[in-house]
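Please look through the structure shown here with an eye to how its interior is put together. The paragraphs after it move from one side chain to the nonpolar interior and then to the aromatic rings.

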Amino acid sequence: MSRSALVGNVTAMLEDAGFMVSDRCAIRPKSFDVAARRGEDVLLVKILGNIDAFDGHTGGEMRRLGTYLNATPIVVGLRTRDEELKPGVVYFRHGVPVLSPDTALDLFVEEVPPLIYAAPGGLYVNIDSEVLADVREEKEWSLGRLAKELGVSRRTVSKYEDGMDASVEVAAELEDLFDAPLTSPVSVLEGTEDIRDDEPAPEDPDVAPEDEPIATVFTRIGFEVHPTDRAPFKTVNENANRREQQVLTGHSAFTEAAEKRARIMSSVGEVTRTRSVYVVDELTRESVEGTALIEQDEMEAIEDADDLRDLIMERGDDPEEVAE
């Protein structure tokens, strides 16, 4: 299957699951292919045939963007090396959860979450520690007896009851011994921090020199500026006083490529509930769909966040959606 067809299939699956899906980020380099929202759940989705192409730089960018945009970064892929990704298993690459299309379909359409995750050393499951302790006590088994049945130490059994995850083999043996379901689903949309790869929190890249005047304006009017280097926008800017007020920005001469980026920013902004601004050298129109166009001189003259909001309301297509 071509990557284009795979992207189309995954996009259609998300739409069938009730997600609003952005336009495809058809630019290079790019950290994610589409953004998607269903209710309060927001995804940034990278779609790959071979997940070995997913590098640490892209993983770090996706994790940063997930933090700024209150979104879950995920990768949907078919295989690694010559091995197909197993259905029902969550993998991790550079701190980002990775699903096969079948696993994604089960999770988002069928609402059946995966039970297994891959980590160094094999496949693991979350053991419901309270249920395990209850069924062991009901059966009047000591920690020592259960340890003997499993062929592990008493301390290991104690750790299972304290919340340590178990291998798939041990979990299956436990369920056979007690004739009870003991595993809990892997929460892909939240709570994967404890089982993801041991990746350090990625730091923001530096602001590009040509974008420093724009970043300076945002900082001066009370925004925190988060630069990107593989997104269709240059920065994500958060109002330090109103965290829910975020602005995506682009900056360049207004070329055909800039118009394309501004259009993608509009689509991503609609999904992530952010506004977008593209700063240009010379104004030839006021907006590209929902992205307001502002000349650099106008931008540098902005005095406070209210001025920026008013300019976005004047130029943008949907002023009633601007955060008050």
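**Inside the predicted model**

Leaving aside residues up to four places away in sequence, Q296 touches P213, I214, H251, V279, V280 and D281, where contact means heavy atoms within 4.5 Å. This is a predicted model, in which local features need pLDDT of at least 70 and side-chain atom pairs count only at pLDDT 80 or more, while totals for chains, interfaces and linings use all residues. Residues are numbered from 1 along each chain as its sequence is written, and side-chain values use heavy atoms, with hydrogens and water left out.

Q296 has a relative accessible area of 17% and is therefore buried (under 20% relative accessible area, with over 50% exposed and partly exposed in between; 1.4 Å probe, protein chains only).

The largest nonpolar core has 35 residues, of which F32, L65, F233 and V268 touch the most other members; such a core is a set of buried Ala, Val, Leu, Ile, Met, Phe, Trp, Tyr and Cys residues joined through side-chain atoms within 4.5 Å. V268 itself touches S22, C25, F32, A35, F233 and L248, not counting residues up to four places away in sequence. A second, separate core of 25 residues includes M13, I47, L78 and L99.

The aromatic pairs number 4, counted when ring centres of Phe, Tyr and Trp (its six-membered ring) lie within 6.5 Å, with planes under 30 degrees apart called stacked, over 60 edge-to-face and the rest tilted. The ring centres of F19 and F108 are 5.4 Å apart and their planes stand at 85°, so this pair is edge-to-face; both F19 and F108 are buried. W141 and F178 form a tilted pair, 5.4 Å centre to centre with 55° between the planes.
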